[in-house]
Amino acid sequence: MQIKILSDRTDHLVAWLAALAIMIHVIESAIPSILPGLKPGLANIITIAVLVLFGWSMAAWVSLLRVLVGSLLLGTFLSPTFLMSFSGAIATILVLWLASKVPGKGFSAIGFSLLAAMAHMTGQFTCAWLLFIPHSGLWHLYPVLMTVAVILGIINGIICQKIIDKIDPESCKKS
Amino acid sequence: MTRSDTLAIFFALILLPLLYYQLWRPQTSATHASIIDSHQHITVASLEDAKRLNIRGELGDSVLNIEDGKIRFAQSPCKGKVCIHRGWLQYSGEVMACLPNKVIIKLGGGQARFDSINF
């Protein structure tokens, strides 16, 4: 008996976009960081763009695939780095789900990116605190990292908006 | 940018100072000190009035000095005098000890910042 696996256009899009995010994720990991847990989060630009152009469920796919495959490529799968990245991604997806439900005009890429950055930082911080450093002193770092998250979230959002402006919305319609 | 974006940025900018305030707030001052001597006997001393305490230790008496809500080891029969060099303590949850003389001081009162500290 033969099993046929059918893939539609959405699956191909998810794969392409996840590959793009993974590329950025891997390149970004080469940038040295001044503080642990601090990265520009450029790969999240793809997540936000996908959210705006294709909707939440595709953004969730791209985000989780990016964390999973990115960690396999970097050799950090199931390591603390991966767990923090993963919990950050989960928190981001949940917050973006809520944010995408906002009625009216809702958020643009800038708002999504800001919320995503803050959720990611909070998620990975909670993970670090629960699993690795269960000491209340850790939270002294939180305001500093959160400040950076807000700044980078807004910058990434602006970059993302510029990218979206250049994409023809007709080409993103589901066939 | 939509109105929701502006609101999100606005709330983020309000949240940041609140976070700094909440997590970087100065420590609370202690109101009393629990002093444990070499026989495990606990003396609780208020930090409000200036006074000198003689605490019986393994080697002899440790002299503690209390002033302006602060406490320190003033004299000690121990060799290294590490306890004296530790200086004044004033925040709730802080701990110091003279190990040779087996005297431990723990500050309490208000809201302690730490339950315990590992070095």
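The questions below ask how the labels given to parts of this predicted model follow from their cut-offs.

This is a predicted model in which local features need pLDDT of at least 70 and side-chain atom pairs count only at pLDDT 80 or more, while totals for chains, interfaces and linings use all residues. Residues are numbered from 1 along each chain as its sequence is written, chains are lettered from A and ligands numbered from 1 in the order in which they are written, and side-chain values use heavy atoms, with hydrogens and water left out.

Q: What makes Lys39(A) and Glu28(A) a salt bridge?
A: A salt bridge is a side-chain nitrogen of Lys or Arg within 4 Å of a carboxyl oxygen of Asp or Glu. The closest N and O atoms of Lys39(A) and Glu28(A) are 3.5 Å apart, so the pair meets the rule.

Q: Why is this pair said to tie together parts of chain A?
A: Lys39(A) lies in the loop between helix H1 (9–28) and helix H2 (43–54), whereas Glu28(A) is in helix H1, so the salt bridge joins parts that are 11 residues apart in sequence. Helices (H or I, at least four residues) and strands (E, at least two) are DSSP runs, numbered from the N terminus.

Q: Why is Glu28(A) called buried and Lys39(A) partly exposed?
A: Buried means under 20% relative accessible area, exposed over 50%, and partly exposed in between (1.4 Å probe, protein chains only). Glu28(A) has 4% relative accessibility and therefore counts as buried. Lys39(A), at 40%, therefore counts as partly exposed.

Q: What makes Asp37(B) and Arg56(B) a salt bridge, and which parts does the pair tie together?
A: Their closest N and O atoms are 3.4 Å apart, so the salt-bridge rule is met. Asp37(B) sits in the loop between strand E1 (32–36) and strand E2 (42–46) of chain B and Arg56(B) in strand E3 (residues 51–56), so the linked parts are 19 residues apart in sequence. Asp37(B) is buried because its relative accessibility is 6%, and Arg56(B) is partly exposed because its value is 44%.

Q: How do you know that Glu58(B) and Lys102(B) form a salt bridge?
A: The closest N and O atoms are 3.9 Å apart, so this pair also counts under the rule. Glu58(B) lies in the loop between E3 and E4, and Lys102(B) in the loop between strand E6 (95–98) and strand E7 (103–108), so the pair ties together parts of chain B that are 44 residues apart in sequence. Glu58(B) is partly exposed because its relative accessibility is 48%, as is Lys102(B) because its value is 46%. Over all chains the structure holds three salt bridges.

Q: Why is Cys98(B) in no disulfide?
A: A disulfide is a pair of cysteine sulfur atoms within 2.5 Å. The nearest cysteine sulfur to that of Cys98(B) belongs to Cys78(B) and is 3.5 Å away, so the rule is not met. Over all chains the count is zero disulfides. Cys98(B) is buried because its relative accessible area is 2%.

Q: What makes Ser62(B) and Asn101(B) a polar contact?
A: A polar contact is a pair of N or O atoms within 3.5 Å; within protein, one must be able to donate a hydrogen and the other to accept it, and residues adjacent in sequence count only if both atoms are side-chain atoms. The side chains of Ser62(B) and Asn101(B) are joined at 2.6 Å, so the distance satisfies the rule. Ser62(B) lies in strand E4 (residues 61–67) of chain B and is buried because its relative accessibility is 0%.

Q: What makes up the contact between chain B and chain A?
A: Contact means heavy atoms within 4.5 Å, and 16 residues from chain B and 20 residues from chain A take part. The buried area is about 1,600 Å², with 73% given by carbon and sulfur atoms; buried area is the accessible area (1.4 Å probe) that two parts lose on being put together, summed over both. Across this interface the rules find zero salt bridges and eight residue pairs in polar contact (both at pLDDT 80 or more).
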